[in-house]
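Good morning, colleagues. I would ask you to look at the structure on the screen while I speak, and to hold remarks until the end.

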Amino acid sequence: MLELIESHAARGAVVVLGNHDAAALGRDVAGMNAQAMSAIVWTRKRLARRHVDFLEALPLSVREDDRLFVHASAAAPERWTYVTGRRQAAQSLEATDASIIFCGHVHEQKLYYTVATGFPMPFRPIPGTPIPTARHRQWLAIIGSAGQPRDRNPAACYALADLARSRITFFRVPYDHGSAAQKIRAAGLPERLARRLERGG
Amino acid sequence: MLAPEPGVEIDGFRLGERIHVGSMASIFRLEGPRGPLPLVMKIPRLGAGERSANVVSFEQCRMVLGALSQSPHHPTLVAYGDVETTPYLVMECIEGTRLDAWVERAPLAAQDTARLGHALALALHDIHRQDVIHLDLKATNVIVRASGEAALIDFGLSCHRHLPDLLAAEFHTPVGNWVYMAPEQIAGERSDPRSDLFALGALLYELATGKRAFGTPDSVAQLRRRLYRDPPPPRALVPATPPWLQEVILHCLEIDAAQRPTSAAAVAFDLANPGQVAITERAERIKRESLQKVARRWLRARNFSPSAPPPPATDLAPLPVVVVAIGTQDTAEPLFEALREAARRRLAANACRIACMTVVTPAAALTDDTPTGRHIKQLVSLRRWAKPLGLPEERLTYHVLESDQPAAALLDYAAVHEVEEILMGPGKEAAQIVTQAPCSVTVVRPPPPS
């Protein structure tokens with residue numbers, strides 16, 4: 001997996017540090033449960049020096065033109081705040097003048113957009129439907145997780161942003177979650193982590 | 001951007017005759033080297049003195065038209081300009097007669113009203129099937145083509161249920177045309193296709209009688225009259241109105257959206273098959289409801305809440321989440337057990353996930369200096385509450401929200417996460433949550449001590 005991400009990074013992909021990556025580097029990360037920690041411990045043993053160096057070099061956020069990439073909230077990326085509501089979305093958007101934030105951390109796809117008054121409005125995207133994201137307002141796109149869903153749909157999440165036409169399309173794509181779950185069991189990791197992939201939550 | 005007027009060129013499009021000036025936008029015919037093209041350009045009115053909602057309406061119109069498939073029932077979007085620099089939409093110029101030409105000639109013969117209504121209902125059904133709701137249906141927004149098909153224009157106030165609703169938070173007064181607006185639109189509901197059926201009913205009423213069903217309201221108070229006062233039955237104004245036509249019109253004008261026809265296709269069918277219309281008491285009415293009934297409705301209308309809109313044509317099943325709100329001050333085991341019992345009953349009814357939730361004030365969170373320590377005490381007590389349920393981990397989640405206003409934080413969470421139900425104790429926030437929650441709320445009380 002890490003090799004795959006390295007190869008994308010080598011070709012110019014934007015990669016930002018996530019809380020699980022930070023934990024794998026031994027940094028103090030709040031809010032991890034015992035099962036997540038057992039997976040971190042397992043990961044740590046398998047990281048070569050090269051992998052550690054790659055992760056160590058990852059930024060918490062990347063700004064590219066009017067786009068900001070960050071794992072959690074742009075307000076304080078290192079605090080790994082979950083953007084679970086309009087208030088948190090407002091805090092993240094207020095922290096940047098970027099017109100669109102791409103983030104994760106929260107596992108379900110959501111698109112927040114600023115309005116004339118009050119906190120940003122939430123919208124649950126319909127997979128496959130392109131949404132125009134005009135640049136004069138701010139958008140916060142939670143892309144969802146690739147393989148750790150929480151909505152009972154085991155399909156992985158991703159999104160495509162069409163920069164020339166200013167629009168974003170969210171997608172769900174099935175993958176071989178059965179094999180992934182088998183590998184988790186074979187590695188002796190907690191059963192729940194495997195079941196979650198199969199059940200989608 | 002140059003002031004738009006005939007002869008001016010915008011992004012290579014040359015403006016011809018100005019064919020419409022509205023409060024929100026102007027519309028120009030486009031010209032090619034050999035004369036007028038079958039295209040129009042719509043340019044929103046922007047700048048000093050104009051409403052900021054104009055630009056939002058422009059964005060919404062562009063988004064919805066861009067998402068509709070090509071059809072004779074609405075214009076095809078050809079090109080658009082940037083919202084910030086040169087906002088415009090170029091679309092098909094629909095040739096035909098605007099419906100207001102017929103309204104001027106009303107009352108029409110029943111068969112003409114039915115023919116126009118049938119065409120209009122088919123056009124509405126076409127957009128409803130694509131999960132678009134027009135929400136601003138009026139005679140000037142309908143063009144009847146030479147073929148007899150109706151085309152809907154001006155999607156500036158419309159809503160597409162697969163796209164963000166940019167207008168939802170934009171207006172403080174009910175937005176749309178007050179003459180034809182449905183009761184639920186007055187209450188701010190923008191996602192019910194049956195609102196268009198109400199407007200269709202109001203248009204049919206006007207075509208059949210020559211009178212507006214609810215007059216021309218010029219204040220919100222007058223607008224709200226339709227929440228309790230029914231219009232005079234068409235037969236009271238035009239005695240020749242056939243019962244089946246009155247049945248269709250008054251069925252569309254039901255105050256409660258759930259009492260209206262289920263779809264525009266059903267209305268189209270009825271108007272095309274008068275002999276098949278199921279005649280009820282509505283068809284026979286020759287005067288308005290008794291004042292006694294109106295008074296009862298008026299009382300109810302003070303707390304009017306619209307029927308839930310039907311699910312979109314192609315919705316995804318929402319995630320069933322039940323929030324159990326546990327007050328930080330609550331320590332009484334009898335209440336905890338009552339909440340668990342309510343949760344067990346809920347779990348037995350259908351598969352759902354339980355989200356255990358508590359709200360702490362930011363001040364309380366500051367007493368501990370590490371982010372981990374901040375919530376740990378609350379998390380421990382939430383886990384302790386949930387343990388006796390014996391649920392597998394994946395059916396349980398724990399949330400410590402941080403807010404000065406516990407009720408508002410819970411309501412926000414419930415709205416954003418499309419929560420199915422909230423279970424809570426009878427704390428001081430219960431009243432606010434019960435009245436404002438977007439979902440069912442069950443207030444659980446411990447059994448009295450025996």
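I shall speak about the contact between the chains, the nonpolar cores, one helix, the domains of one chain, and lastly a single residue. Please bear in mind throughout that this is a predicted model.

Let me begin with the interface. On one side 29 residues of chain A take part, and they are in contact with 20 residues of chain B. Which elements of chain A supply at least two residues each to the side that touches chain B? They are the helices α5 (86–94) and α7 (191–199), together with the strands β4 (110–113), β5 (121–123) and β6 (131–132). The largest share comes from α7(A), with four residues. By residue class, this side of chain A consists of twelve nonpolar, ten charged and seven polar residues.

I turn now to the interior. The largest nonpolar core contains 115 residues, and those with the most contacts inside it are I101(A), A141(A), M41(B) and L200(B). Consider A141(A) in particular. If we set aside its neighbours within four places in sequence, A141(A) is in contact with I100(A), I101(A), F102(A), L111(A), A159(A) and I168(A). Another core, of 33 residues, lies apart from the largest one; I354(B), V400(B), Y413(B) and L423(B) are among its members.

Next, a helix of chain B. Helix α12, residues 333–349, has 17 residues. From its first C-alpha to its last it reaches 24 Å, close to the 24 Å expected at 1.5 Å a residue. Which residues of α12(B) are buried? They are L335(B), F336(B), L339(B) and A343(B). Viewed down the axis of α12(B), these buried residues fall within an arc of 100°, and they therefore line one face of the helix. The face turned away from that buried side carries the exposed residues E333(B), P334(B), R345(B), A348(B) and A349(B).

As to the wider layout of chain B, the domain assignment gives domain 1 as 9–92, domain 2 as 97–301 and domain 3 as 321–443. The C-alpha centres of domain 2 and domain 3 of chain B lie 43 Å apart.

I close with a residue of chain A. A10(A) is found in helix α1, residues 2–10. Is A10(A) buried or exposed? It has 8 other C-beta atoms within 10 Å, and because a residue with 12 or fewer counts as exposed, A10(A) is exposed. Between the C-alpha atoms of A10(A) and Q109(A), which are 99 residues apart along the chain, the separation is 27 Å.

Thank you for your attention.

How values were computed. Residues are numbered from 1 along each chain as its sequence is written. Chains are lettered from A and ligands numbered from 1 in the order in which they are written. This is a predicted model: local features need pLDDT of at least 70, side-chain atom pairs count only at pLDDT 80 or more; totals for chains, interfaces and linings use all residues. Two residues are in contact if their C-beta atoms, placed from the backbone, lie within 7 Å. Ala, Val, Leu, Ile, Met, Phe, Trp, Tyr, Cys and Pro count as nonpolar, Asp, Glu, Lys and Arg as charged, and the others, Gly among them, as polar. A nonpolar core is a set of buried Ala, Val, Leu, Ile, Met, Phe, Trp, Tyr and Cys residues joined through C-beta atoms within 7 Å. A residue is buried if 20 or more other C-beta atoms lie within 10 Å of its own, exposed if 12 or fewer, and partly exposed in between; C-beta atoms are placed from the backbone. The expected span of a helix is 1.5 Å times one less than its number of residues. The arc is that of the directions from the helix axis to the C-beta atoms. Domain bounds come from an automatic or database domain assignment.
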